[in-house]
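Work through the exercises below with the sequence and the model in view. Try each task before reading its solution.

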Amino acid sequence: MAPLKTKTTDEFRVPSLAEADPSYGALTDKQTELHNSYIKLRDERSKLSREIEAEKAAGGQRVAPDVARLLGDPEDSITGLSQRLRDVATEMGNIESAQEILRRRMEEARGRASAMVCATVRPEYDRRLGVLCKLLSEVETARQSHDELLDDLDRGDVAKSYLQPVIPFFLGDRHDGKIAYYLKEVRENGHNA
């Protein structure tokens with residue numbers, strides 16, 4: 001007996017956390033923005049380190065910024081590069097701190113947004129759970145009927161090996177199997193399926 005499909009799975013779409021709660025979406029956007037900024041700064045830090053090493057290898061000398069200015073040394077001297085490297089490292093540290101705070105805020109917002117998504121999804125979940133429980137009940141009834149026939153053969157002392165019966169062990173014990181346990185758990189979790 002095939003169940004009637006009233007709605008296909010493709011028709012229902014679970015909203016994202018950002019769709020359910022725009023504040024969560026804003027935090028996600030901020031996380032992406034910080035990540036991208038950090039990547040750019042990390043790349044710049046690597047470039048600056050290479051340039052400083054190249055300057056040193058070429059015989060460049062480190063001069064105090066004010067002295068370099070008096071001498072008219074170019075901005076890309078070791079002094080200017082080192083100062084920029086310090087600025088980049090400071091900004092990277094600030095971004096790391098901001099990312100940690102943002103992670104905590106997102107975890108809090110995730111709970112709120114998840115509750116909103118679950119509230120939206122609940123009717124569809126209950127519908128699908130109801131279909132599953134109905135079909136499992138039918139499977140349980142079919143299994144009982146199957147077992148009764150085998151019991152009748154046993155009572156008649158029939159050698160069932162000629163029948164080559166297939167026992168649905170995957171359903172668990174025939175008297176208190178996995179289906180009964182699952183249906184009990186559904187009820188205990190407050191679902192009316």
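**Exercise 1.** In which helix is T28 found?

Solution. This is a predicted model, in which local features need pLDDT of at least 70 and side-chain atom pairs count only at pLDDT 80 or more, while totals for chains, interfaces and linings use all residues. Residues are numbered from 1 along each chain as its sequence is written, and side-chain values use heavy atoms, with hydrogens and water left out.

Step 1. Helices are DSSP runs of H or I with at least four residues, strands are runs of E with at least two, and both are numbered from the N terminus. T28 belongs to helix α2, residues 22–57.

Step 2. Buried means under 20% relative accessible area, exposed means over 50%, and partly exposed lies in between (1.4 Å probe, protein chains only). T28 has 26% relative accessibility, so T28 counts as partly exposed.

Step 3. E96 comes 68 residues away from T28 along the chain, and their C-alpha atoms are separated by 16 Å.

**Exercise 2.** Describe the length, the buried residues and the end of α2.

Solution. Step 1. The expected span of a helix is 1.5 Å times one less than its number of residues. For the 36 residues of α2 this gives 52 Å, and the distance from the first C-alpha to the last is close to that, at 53 Å.

Step 2. The buried residues in α2 are Y24, G25, L27, L34, Y38, L41, L48 and I52. They pack against α1 (17–20) and α4, where contact means heavy atoms within 4.5 Å.

Step 3. Just after α2 comes G59, with a positive phi of about 95°.

**Exercise 3.** What span would a straight helix of 78 residues have, and what does α4 span?

Solution. Step 1. At 1.5 Å a residue, a straight helix of 78 residues would span 116 Å. The end C-alpha atoms of α4 are only 97 Å apart.

Step 2. Look for a bend, which at a residue is the angle between axes fitted to the seven residues ending there and the seven starting there. α4 has a kink of about 50° at V121, shortly before the proline P123.

**Exercise 4.** Place A113, R143 and D147 in the chain, and decide for each whether it is buried or exposed.

Solution. Step 1. A113 is found in helix α4. Its relative accessible area is 0%, so A113 is buried. Setting aside neighbours within four places in sequence, A113 touches L17, A20, D21 and Y24. L102, eleven residues from A113 in sequence, is 15 Å away, C-alpha to C-alpha.

Step 2. R143 also lies in α4, which covers residues 78–155. A relative accessible area of 10% makes R143 buried. Beyond its neighbours within four places in sequence, R143 is in contact with P168, L171, G172, D173 and R174.

Step 3. D147 is in α4 and is buried, at 6% relative accessible area. The side chains of D147 and H146 make a polar contact at 3.4 Å. A polar contact is a pair of N or O atoms within 3.5 Å; within protein, one must be able to donate a hydrogen and the other to accept it, and residues adjacent in sequence count only if both atoms are side-chain atoms.

**Exercise 5.** What is the sign of phi in D157 and in Q164?

Solution. Step 1. Most residues other than glycine have a negative phi.

Step 2. D157 has a positive phi of about 60° although it is not a glycine. D157 follows α4, in the loop between α4 and α5 (178–188). At 70% relative accessibility, D157 is exposed.

Step 3. Q164, also not a glycine, has a positive phi near 55°. Q164 sits in the loop between α4 and α5 and is exposed, with a relative accessible area of 66%.

**Exercise 6.** How many helices and strands does the chain have, and how spread out is the chain?

Solution. Step 1. The chain has five helices and zero strands, in the order α-α-α-α-α.

Step 2. The radius of gyration, taken over C-alpha atoms, is compared with the globule rule of 2.2 Å times the number of residues to the power 0.38. The rule gives 16 Å for 193 residues and the chain has 34 Å, well over that, so the chain is more spread out than a compact globule. The C-alpha trace spans about 110 × 40 × 30 Å along its principal axes.

Step 3. Of the 193 residues, 22% are buried. Among contacts between residues at least 6 apart in sequence, 73% join residues at least 24 apart.
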